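Morning, everyone, and thanks for making room for me. Could you pull up the structure on your screens while I get going?

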Amino acid sequence: MPHALVAGSPIAHSLSPVLHRAAYAAMGLDDWTYDAVECAEEGLPALLGGLGPGWAGLSLTMPLKRAALTLADTVSDLAAAVGAANTLVPRDGGLHADNTDVYGIVTALTEAGLGEPASVLVLGGGATAASALAALARLGVTEARLAARRPERARGAAEAGRRFGLAVEVAPLDRLADLLDVGLVVSTLPAGAADPYAAQVAGSGAALFDVAYGRPTRLTGAVESAGATVVDGFPMLLHQAVQQVRLMTGRDDVPVEAMRAAGTAELRRRARVSQDA
């Protein structure tokens, strides 16, 4: 019985099982399973060592995306350049690391009509920021600003952007007001972490792509109220999962709309539960 899973910490509210299981159902893969496993970085080697026969793939969320590179036997050129992998699949008797976040971001922005940004500011300096910079380079962006609470910790993300040909300016988040003359803001900060900057971002008139998903934040609400385009993280999550299903199953007939419908329904269910609580 082929099985796959998503690992990270915290993992309880991951939407990945809903998306992957919807794909399996629509593809007729009735014997496939997909589960969620709580796993901190120090537990990843043991998890990989215990996968056993029949495993088809592993989705990785924070804080495992960089650690996965050191544990894989082979690494795709894209994952190596980004410096982060969100997918492990079996290949030639070993572990192969890849990155589908870049595909997810490119597709989400293009789907929303934001596929040709002229100027961009990325908030955050972690693995997702590195994937965002790679995605922006693929969309034709040649320079970007990167704002992080601690700029020295964003060095890896900035270097990743430069490997893709971007000119990257790094600045502290407390200088945000000087950085907002852009057409698109990409927030890779955790849900709610960008809320203190909501008024500034909304006042800039820039479109917003926020990788957080599941419920509106003060940031997304403020930008939406200001009349600018807002895209949350669900389309990115959806499309990176679509690419993962391709890698794990070896099939191209991945049912994007069935996965979208399942994910949207689950988010609505969670919102109702939250309101009733």
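I'll talk through one helix and its packing, then some salt bridges, then a few spots in the loops.

A word on the ground rules. What you see is a predicted model, in which local features need pLDDT of at least 70 and side-chain atom pairs count only at pLDDT 80 or more, while totals for chains, interfaces and linings use all residues. Residues are numbered from 1 along each chain as its sequence is written, and side-chain values use heavy atoms, with hydrogens and water left out.

When I say helix or strand, I mean DSSP runs numbered from the N terminus: H or I with at least four residues for helices, E with at least two for strands.

Okay, helix α5. How much of α5 is buried? Here, buried means under 20% relative accessible area, exposed means over 50%, and partly exposed is in between, using a 1.4 Å probe and protein chains only. Well, 8 of the 11 residues of α5 are buried, so α5 is largely enclosed by the rest of the structure. The buried ones are D101, V102, G104, I105, V106, T107, A108 and L109. And what do they pack against? Contact, for us, means heavy atoms within 4.5 Å. By that rule, the buried residues of α5 pack against α4 (77–82), α6 (127–138), β10 (184–187), β11 (207–210) and α10.

Let's stay with that last partner. Two packed helices are described by the angle between their axes and the distance between the axes. For α5, residues 101–111, and α10, residues 234–249, the angle is about 130° and the axes are 7 Å apart. The axes are lines fitted to C-alpha atoms, for helices over the stretch in contact, and the angles run from 0 to 180 degrees between N-to-C directions. Under 35 degrees we'd say roughly parallel, over 145 roughly antiparallel, 65 to 115 roughly perpendicular, and the rest is oblique. That is why α5 and α10 count as oblique to each other.

Which residues actually meet there? From α5 you have D101, Y103, G104, I105, T107, A108 and E111, and from α10 they meet P235, M236, H239, Q240, Q243 and R246. That contact divides into 5 nonpolar, 5 polar and 3 charged residues. For that split, Ala, Val, Leu, Ile, Met, Phe, Trp, Tyr, Cys and Pro are nonpolar, Asp, Glu, Lys and Arg are charged, and the others, Gly among them, are polar. Just past the end of α5, G113 takes a positive phi of about 80°.

Next up, charges. Side chains of opposite charge can pair when their charged atoms come close. We call it a salt bridge when a side-chain nitrogen of Lys or Arg is within 4 Å of a carboxyl oxygen of Asp or Glu, and that gives a count of 11.

Let me show you three. In one of them, R21 pairs with D35, with the closest N and O atoms 3.4 Å apart. This pair links distant parts of the chain, 14 residues apart: R21 sits in helix α1 (residues 16–27) and D35 in strand β2 (residues 33–38). R21 is partly exposed at 44% relative accessibility, and D35 is partly exposed at 39%.

Then there's R145 with E169, where the closest N and O atoms are 3.6 Å apart. Here two strands are joined, with R145 in β8 (residues 143–148) and E169 in β9 (residues 167–172), 24 residues apart.

The third is R270 with E266, at 2.8 Å from N to O. These two are 4 residues apart in helix α11 (residues 256–276), so about one helical turn separates them. R270 is partly exposed at 23%, whereas E266 is buried at 14%. Elsewhere, salt bridges that share partners join E111, E257 and R260 into one network.

Last bit: the loops. Where would you look for cis peptide bonds? Try S9 to P10, with omega near 0°; P10 lies in the loop between β1 (3–8) and α1. Also try M62 to P63, with omega near 10°; P63 is in the loop between β3 (55–60) and α3 (67–71).

D92 has phi near 55°, a positive value in a residue other than glycine. You'll find D92 in the loop between β5 (87–91) and β6 (94–98), and D92 is exposed, at 82%.
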